[in-house]
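Ever wondered what empty space inside a protein looks like? Rolling a probe the size of a water molecule over the atoms shows where empty space is left. Take a look at this one.

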Amino acid sequence: MRVMDERMSRIHVAVLGGGPAGLAAAIALRQRGCRVALYDGQRPPIDKACGEGLMPEAVRLLRALGVSLGKQDGAPMTGISFHDAHASASAAFGESLPGNESGLAVRRTLLQSRMAARAAAMGIDLRWGAVVQTRKGGGFRSAGEVIHADFFVIADGLCSTLAAACGFRERNCYSTRYASRQQFRRAPCSNHVAVYWGSGEQIYVTPLGDDEVGVALLTSRRGRRLSDALPDFPAVAKWIAGAESTSSMRGAVTKTRSLREVIRGNVAVLGDASGSVDAVTGEGLLSALRQAHALADAIDAGEPERYQAAHRRISQGPLRMARLLLLLGRFLWLKQLFVATMAKRPESFDALLRVHLAEQSWGSFVRSEATALVSGRRERAPWRLFAMGAYRERGL
Ligand SMILES: Cc1cc2nc3c(=O)[nH]c(=O)nc-3n(C[C@H](O)[C@H](O)[C@H](O)COP(=O)(O)OP(=O)(O)OC[C@H]3O[C@@H](n4cnc5c(N)ncnc54)[C@H](O)[C@@H]3O)c2cc1C
């Protein structure tokens, strides 16, 4: 153990980007004995357009990093509901979870400050306000100085210039959409994240506290803002009408994309810089936390290249779910059928949410639904139509 500690303390890692992904990696590496320096061009508390929902596993992974968040820090998030003009469907985070833990909605600035405070307490060398650039002959520099380290972790977000400059190439880009988010003083209707499906776009509402909600628009129409879309979502518009806004409107791009590789020599990419899924999945933070733990384990084991396979395993489920949800968003009739089916069959929606949370595999989900259909326990028509539609449109 001592030999391992000495070996790890000799490894010096530079983390480039201090969003949730970079901070999680820095803390996880420090926990394993590495010397860590973290660079970010901004200063905490750093805000970003985000739905601010943490899945139950994300809350647990943060706790493992020593970042404990409780109900007093935000609002419990106990499930998800889908609404369209015709039907509503709800699913709860599984009773199967240890301690029946719920997710948590936490303001982005609070999450980032808590993680930054934990990193500082662990002795991580934090360089805020330090923009990183690549050097011509290779390597990185900040404020005119070369960054020396044994290993580099790039975590500079969705439009990562550092990853592109280091030769990390895109494998697929399935979608690019635009988001705008604003917070309002209004008591949440429930502890569920509510996704309202419109024509080719969605609004989702996250409970942020007893009297505050976050409202985010996701659309493929560039330049369209939340205020432009509200007339097409009368239920949401009516509900927030007259509510005081507690934040300014923030815009962002959201992409579903993957990279060919996530590690090249002594440089790894992490978080949105390493691939991402559309924000409608509410998955980005969980994936970043899983990746941070996986990368730290791989470096700790002296086999950083193992991160490649771990990253692929982590990304597969969210990518599949993102493609399914994007497909629903694209075809009105398919989305209506899906919401209507889930409203009639809440047990199927619960099972789908378990797949989303990686508590159940896609294979076992398809098998259990097929068995139920064959044995006649479930009404066949909606599922059959939905499956036929999905197959015809995209071969899912
Ligand atoms: C509208 C919207 C809603 C979302 N809702 C959810 C949700 O509810 N739940 C969820 O889990 N996920 C959600 N996501 C996704 C989530 O926000 C991202 O997955 C997450 O922010 C990724 O974290 P990151 O650390 O990789 O990147 P970022 O948070 O973008 O952090 C990157 C950091 O790198 C720094 N940086 C960039 N370039 C440099 C440079 N050259 N030098 C130094 N520093 C640099 C930036 O200052 C920044 O601090 C949502 C996304 C959007 C757009």
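Here is a short tour of the cavities in this structure, which is a predicted model.

How many cavities of 30 Å³ or more does the structure hold? There are two of them, and the table puts them side by side.

| Cavity | Volume | Lining by class |
|---|---|---|
| Largest | about 120 Å³ | nine nonpolar, two polar, no charged residues |
| Second largest | about 30 Å³ | seven nonpolar, no polar, no charged residues |

Let's start with the largest cavity. Around it you'll find Ile-80, Phe-82, Val-280, Thr-281, Met-321, Leu-325, Phe-338, Phe-349, Leu-352, Leu-353 and His-356. Which elements each supply at least two residues of that lining? They are strand E5 (79-83), helix H9 (306-330) and helix H11 (346-356). H11 chips in the most, with four residues. The domains share the job too: domain 1 (2-64 + 105-172 + 256-321) and domain 2 (330-393) each provide at least three lining residues. None of the residues around this cavity is charged.

Now for the second largest cavity. Its lining is made of Pro-20, Leu-54, Leu-62, Leu-111, Met-115, Leu-285 and Leu-289. Two helices, H4 (108-121) and H8 (284-300), each bring at least two residues to this lining. By class, you won't find any polar or charged residues here, just seven nonpolar ones.

Key:
Residues are numbered from 1 along each chain as its sequence is written. This is a predicted model: local features need pLDDT of at least 70, side-chain atom pairs count only at pLDDT 80 or more; totals for chains, interfaces and linings use all residues. Side-chain values use heavy atoms; hydrogens and water are left out. On a 1 Å grid over the protein atoms alone, a cavity is a set of points where a 1.4 Å probe fits but cannot get out, and a pocket is an open set with protein on both sides within 12 Å along at least five of seven lines; lining residues have an atom within 4 Å of a point. Grid points are joined across faces, edges and corners, and a volume is the space filled by probe spheres set on the points. Ala, Val, Leu, Ile, Met, Phe, Trp, Tyr, Cys and Pro count as nonpolar, Asp, Glu, Lys and Arg as charged, and the others, Gly among them, as polar. Domain bounds come from an automatic or database domain assignment.
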